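Here is a short briefing to read alongside your structure. Take a look at the model first, and then we can walk through a few of its features together.

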Amino acid sequence: MAGPFARRRQAKKDETELGTELWRRSHDWFIRSLDRYWQVVQEARAEGTIPEDELNGLVNAGNVLAELAPRVRHLCVEAHRHHPGAGLQVPASGSDVHRILSRAANDLATTAQAAALFRLGQASLHSVGRRAEKVVAAVEEAEEAAGFRPGA
């Protein structure tokens, strides 16, 4: 856990790179959804009711989703730089990227929900994987709409 000074430095960096409104919220929504996914996985691990190979499937999907976080941050930083908005008003020039990032965050929240349902025996691991694939596709689509690919 980071100490108060490290958290304050990160908050200042986030404010500089992401702003305080639109793009910051887009980024934070994705990260909160990712955190919720990992919370469900930890709950499943603690219960010990899911076979190890299926738990590994949840972890592997989570690792793929976690690899998207820096890409989403990069998208939001660049979007804030190129399409700064006042408040929560989406600038017309950044509306496609914002719409797709919103979909990615929503799809990730739905993936966390599917994982929770899987943990309860009410959904399949396959449904979690399908939803995770939608998140990956949305992030790739947002990168394309923004005009860049990872590492570019």
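How many Å should the 25 residues of helix 4 span? This is a predicted model, and at 1.5 Å a residue the expected span of helix 4 (residues 95-119) is 36 Å. Its end C-alpha atoms lie 36 Å apart, so the two values agree.

**After helix 4**
- Gly121 follows helix 4 and has a positive phi, near 80°.

**The nonpolar core**
- The largest nonpolar core holds 41 residues, of which Phe30, Tyr37, Leu58, Leu65 and Leu101 touch the most other members.
- Helix 2, helix 3 (52-82), helix 4 and helix 5 (125-146) each supply at least two residues of this core.
- Helix 3 gives the largest share of the core, with twelve residues.
- In soluble globular proteins, nonpolar side chains tend to be buried together.

**Tyr37 and its aromatic partner**
- Tyr37 counts as buried because its relative accessibility is 0%, under the 20% cut-off.
- Leaving out residues up to four places away in sequence, Tyr37 touches Leu58, Ala61, Gly62, Leu65, Thr111, Ala112, Ala115 and Val128.
- The model has one aromatic pair: Tyr37 and Trp38 meet edge-to-face, at 5.9 Å centre to centre with 85° between the planes.
- Trp38 has 21% relative accessibility, so this residue counts as partly exposed.

**Ser33**
- Ser33 sits in helix 2 (residues 22-47) and is buried, with a relative accessible area of 6%.
- Not counting residues up to four places away in sequence, Ser33 touches Ala105, Leu108, Ala109 and Ala112.

Conventions:
Residues numbered from 1 in each chain as written. Predicted model: local features only at pLDDT ≥ 70, side-chain atom pairs only at ≥ 80, totals over all residues. Heavy atoms only, no water. Phe/Tyr/Trp six-rings, centres within 6.5 Å; stacked < 30°, edge-to-face > 60°. Buried < 20%, exposed > 50% of the residue type's maximum accessible area, 1.4 Å probe, protein only. Helix = DSSP H or I, 4+ residues; strand = E, 2+ residues; numbered from the N terminus. Expected span 1.5 Å × (residues − 1). Contact = heavy atoms within 4.5 Å. Core = buried A, V, L, I, M, F, W, Y, C linked by side-chain atoms within 4.5 Å.
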